Structures are given as structure tokens and as C-alpha cells.
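Visitor: I am new to this structure and would like to be led through it slowly, with each term explained when it comes up. Could we begin with a single residue and work outward from there?

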Amino acid sequence: MSVDVLLVGSGNMGRGYLMAARRLGLRAALVETPARIEAVRAEFADVVVAHEPLDPVVAEHDEAWVGPAIRLAQRTRPRGVLAFSEPHVQAAALVAESHGLPGPGLPAAQASRNKALQRQLYGAAGIPQPDSQVLARLDELARPSFPLVVKPLSGSGSSGVEQVPDPRAWADAVARRSGGGPYLVEEYVTGAEYSWEALVRGGGVIFSNLTAKTTTGPPAFVELLHVPGAGAADRELRDRADRLGDEVVGALRMRDGMVHLEFRIAPDGRAAVMEAAVRTPGDFLMDVVSRAHGIDLYEACVRLTLGHDPELPSGGGEFRHTASLFLAAEQAGEVVPDGTDRLDTVPGVFRSGLRQDPGTVMGPPESSADRMAFALLDLPTEAALHDAVHVARAAFARRHRGPEAA
Ligand SMILES: Nc1ncnc2c1ncn2[C@@H]1O[C@H](COP(=O)(O)OP(=O)(O)OP(=O)(O)O)[C@@H](O)[C@H]1O
Ligand SMILES: [Mg+2]
């Protein structure tokens with residue numbers, strides 16, 4: 001049997017790839033856990049014609065995906081291979097390499113999974129970034145200078161990312177995090193945060209978008225809001241982001257696919273790259289960036305992996321003001337059952353959901369997994385988007401009962 005595209009992993013946000021494959025009349029093979037294979041096959045039996053399971057117990061480890069991906073590729077001889085999220089990047093890149101298929105390439109895949117490796121590559125390429133060092137144990141740092149940031153080498157969702165403001169907090173972090181290394185310890189850089197999502201073909205950027213990002217700030221930096229199309233009125237900022245993106249794509253020696261870059265621009269104009277990844281960006285960015293520009297990024301990625309040119313926006317189309325908004329607790333409180341304050345009644349919301357069950361008690365988030373609800377918005381103007389975000393936050397606040405209301 002042969003298929004068009006092999007999908008390594010397909011979480012909820014991977015649905016877009018399957019829809020695109022269906023629209024393009026493609027046949028797909030899927031590596032996933034048995035439960036996910038069953039769920040995907042229930043909806044996409046016409047698309048997913050072959051599959052290979054992996055043990056769910058080890059699914060968070062990159063290595064676990066490699067064997068099943070190689071076996072499925074040998075059986076189905078795909079014309080393209082796509083990684084879904086972080087643990088899938090290496091396996092997809094190995095399959096692409098051994099079958100001569102388009103993809104980001106092994107160097108980019110490897111760097112995507114290791115922030116310390118990225119720091120070395122960016123350093124060698126002269127790309128601006130925070131000073132950093134890798135430590136096996138935090139107590140190895142002789143002269144910490146504050147504030148600094150501690151993070152795991154290959155985390156995501158801000159999990160384990162922590163700003164340490166002073167010597168007292170440092171002593172606490174050293175005690176609390178003993179044995180959990182290696183760690184990357186970085187200079188804390190301030191400034192507005194952005195992400196840059198781009199399509200790359202043959203090492204050249206063919207589409208890019210700049211997204212403004214809001215997080216909870218220190219100490220945990222959990223992402224709360226992403227607004228694509230940033231810098232529309234600031235050509236200099238856009239050009240800056242595109243130049244930085246080009247440099248990172250070059251440093252990673254990335255060839256084909258989607259790249260997601262995160263950086264800050266300090267008040268003095270100094271840019272600092274946080275990290276890059278050659279996979280589907282999270283937090284519904286595929287959906288909101290696609291809507292903003294009138295492009296289907298999922299379909300574009302599928303086309304790129306088949307070695308075809310994706311359809312790109314003509315430039316003359318209408319730009320939509322979109323956002324992905326996440327709602328989190330500001331103080332400990334209980335998620336209350338659905339009432340009248342539903343997020344899906346907020347103007348412009350085209351998708352929303354509760355991520356914690358009613359009755360769950362949640363405090364301020366320490367990682368993305370602690371966020372309680374989300375809403376995706378699409379409005380004709382920036383002002384309307386701004387208002388809708390405000391309304392959604394207020395509606396949500398009424399659904400999260402703090403101690404004084406309980
Ligand atoms: N050196 C730094 N200086 C300032 N802020 C930082 C630094 N490193 C990380 N941060 C903040 O923490 C956030 C998460 O860091 P990073 O992207 O390295 O971790 P992550 O686990 O990959 O997070 P995510 O998956 O949410 O992007 C960044 O977006 C930024 O807000
Ligand atoms: Mg990040």
C-alpha cells in the first residue's frame with residue numbers, strides 16, 4: 001500500500017491537517033496512540049488508510065515515535081511526512097531524511113528540540129539573544145546576576161520556565177530544583193513579545209506573519225493572548241522581524257515547512273530570540289493566523305511536504321483582526337458550571353471551550369496546562385477585537401468564583 005502523507009502525531013489541533021488532506025483528496029497514514037487512532041479514524045476513515053500505534057505510556061518521549069514512524073513509512077512509502085508537535089519533530093525528520101522527502105531537515109529538527117543547542121547556533125550566527133549557560137545543577141552557578149531565568153532544555157508550554165528575581169529566590173530555586181537538570185540559565189531580557197510564523201520552501205521564506213503576544217509575565221510567563229498581523233502599521237517592526245526570522249532559518253539550516261519563532265524587542269530596540277520550533281505552533285495560532293491573512297496554513301504545510309507550492313494570499317484580500325485568547329485565574333477560585341456568561345456569545349468568537357471541569361479549583365497558572373478556557377476571535381477592526389477581548393475576559397471572570405464570592 002502507498003499513501004500520500006504520513007502524519008507523526010495528531011492531537012486536537014492536528015485536525016486541520018486531516019481536513020486539508022481530505023480536501024486535497026489525499027490518503028494519509030498516522031502514527032498515534034491506540035485511543036487517538038480510534039478517535040481520528042472515527043472521523044477521518046476516508047483519509048487515514050493506514051496506522052501504527054505506539055505505547056501511550058512513553059508517548060511524551062521523542063524516541064517512542066521513531067520506530068513506529070519508520071515501520072509505517074516502510075509499509076506505506078509516503079510522498080510526504082508531517083510532524084504534529086514537539087515529540088514528533090525528530091521522528092518525522094528521520095523519516096524524511098531516509099526517504100528523501102521534503103521537511104525541515106535534521107539540523108533544524110534537532111535544534112527545535114533543544115534550547116541550549118539553539119543558543120549555540122544563534123551565538124555562532126551573531127543572532128541577538130539573552131546571555132545563557134547550561135548547568136547540570138543550579139548550585140554550579142558561581143556568581144548569579146539577577147534577575148535571571150531558569151528553564152529546562154526542551155520544555156514547552158512555559159512548563160518549568162521561571163524568573164528568579166533575587167538571591168533569596170535563587171536559594172529557593174536551587175533547593176527546589178535539585179536533581180531536575182540540566183538547566184538553561186539565562187539573562188532576563190525585557191521588552192514586548194512577539195512570535196513569527198513562517199512558511200519556508202527550499203530554505204527561503206515564502207510567507208510570514210508577526211503575532212503580538214501577552215503573557216502573565218514573571219515568574220511563569222504563561223501565554224494569555226496572541227494577536228496576528230502585528231506591525232501592520234509599523235513597517236520597520238515587520239522588516240525587523242522578517243530579517244530576524246531569515247537569520248534564524250539560516251542558522252537552523254531549515255529547508256521546508258513551518259517555523260515558529262519567539263522573540264522580544266526591548267525598549268532600547270534590542271531584539272532577543274527566545275526560541276524557534278519547526279512544527280505546528282500551539283495555542284490555535286494556525287487557525288487565527290490563517291483567518292487573519294486568508295490562507296490555510298494546514299493545507300500549505302501539507303503541500304510543502306509533498307514538494308508543491310502552497311497557495312499564498314494575493315495581498316489584495318481583506319485582513320481580519322483575529323486572536324486566540326486564554327483565560328486563567330488571577331487568584332484561587334472554583335470554575336463554575338456553564339451559565340449565561342458563555343464565551344461563545346461574545347461578539348466575534350468563532351470557537352471557545354472550557355479546559356477545566358466545573359468544580360475544579362484553580363489558582364494563578366504556572367504553565368499553559370493551568371489555563372481554564374479559551375476563545376478564538378475574528379473581527380473586522382482592531383477596535384472591535386479589543387472590545388471583544390475585554391467582554392470575553394469579563395464574562396469569564398464571572399465564571400470563576402473567587403474566595404469572596406464562594
Ligand atoms: N531569557 C528570558 N528573558 C525574558 N523572558 C523570558 C526568557 N526566557 C523565557 N522568557 C519568557 O518565558 C516564556 C516561555 O519561555 P520559552 O519559550 O523558553 O519556554 P516554553 O516552555 O517553550 O514556552 P512556550 O511553549 O509557552 O513558548 C517566553 O515566551 C518569555 O515570555
Ligand atoms: Mg516558547
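Visitor: What is the relative accessible area of Gln129?
Guide: In this predicted model, Gln129 is classed as buried, a term that means under 20% relative accessible area, while exposed means over 50% and partly exposed covers what is in between (1.4 Å probe, protein chains only). The class follows because the relative accessible area of Gln129 is 15%.

Visitor: From which number are residues numbered along each chain?
Guide: Since the model is predicted, local features need pLDDT of at least 70, side-chain atom pairs count only at pLDDT 80 or more, and totals for chains, interfaces and linings use all residues. Side-chain values use heavy atoms, with hydrogens and water left out; chains are lettered from A and ligands numbered from 1 in the order in which they are written; and residues, along each chain as its sequence is written, are numbered from 1.

Visitor: Which residue has a backbone oxygen that lies 2.8 Å from a polar atom of the side chain of Gln129?
Guide: Gln129 sits in the loop between helix H6 (115-125) and strand S5 (132-135), where helices (H or I, at least four residues) and strands (E, at least two) are DSSP runs numbered from the N terminus. A polar atom of the Gln129 side chain is 2.8 Å from the backbone oxygen of Arg119.

Visitor: Into which domains is the protein chain divided?
Guide: The bounds come from an automatic or database domain assignment. In order along the chain, the parts are domain 1 (5-101), domain 2 (131-187), domain 3 (190-318) and domain 4 (320-406).

Visitor: Which domains each give at least three residues to the shell around ligand 1?
Guide: The shell is made of 22 residues, and those that come nearest are Lys115, Lys151, Gly157, Glu193 and Glu275; a residue belongs there if one of its heavy atoms lies within 4 Å of the ligand. Strands S6 (148-152), S8 (183-187), S12 (257-265) and S13 (271-277) each supply at least two of the shell residues. Seen by domain, at least three residues come from each of domain 2 and domain 3.

Visitor: How many residues of the shell around ligand 1 are charged?
Guide: Ala, Val, Leu, Ile, Met, Phe, Trp, Tyr, Cys and Pro count as nonpolar, Asp, Glu, Lys and Arg as charged, and the others, Gly among them, as polar. By this scheme the shell holds 7 nonpolar residues and 5 polar ones, while the number of charged residues is 10.

Visitor: What percentage of the area that ligand 1 exposes when taken alone does the protein bury?
Guide: A backbone N or O atom of Glu187 is 2.9 Å from a nitrogen atom of ligand 1, and an N or O atom in the Lys115 side chain is 2.8 Å from one of the ligand's oxygen atoms. The side chain of Glu275 likewise has an N or O atom 2.6 Å from an oxygen atom of ligand 1. Taken alone, ligand 1 exposes 600 Å², by the Shrake-Rupley method with a 1.4 Å probe, and the share that the protein buries is 97%.

Visitor: Which residues coordinate the magnesium ion (ligand 2)?
Guide: Donors are N, O and S atoms within 2.8 Å of the metal (3.2 Å for Na, K and Ca), and as water is not among the atoms, sites may look incomplete. Here OE atoms at 1.8 to 2.0 Å coordinate the magnesium ion, and they belong to Glu262 and Glu275. One of the pair is in strand S12 and the other in strand S13, 13 residues apart. Buried in both cases, they are Glu262 and Glu275.

Visitor: With the side chain of which residue does the side chain of Arg264 make a polar contact?
Guide: Arg264 is found in strand S12 and is buried, its relative accessible area being 9%. A polar contact is a pair of N or O atoms within 3.5 Å; within protein, one must be able to donate a hydrogen and the other to accept it, and residues adjacent in sequence count only if both atoms are side-chain atoms. At 3.4 Å, the partner of Arg264 is Glu193.

Visitor: Which residue does a cis peptide bond join to Gly181?
Guide: Most residues other than glycine have a negative phi, and most peptide bonds are trans. The cis bond that starts at Gly181 has an omega of about 5°, and its partner lies in the loop between helix H7 (167-176) and S8. That partner is Pro182.
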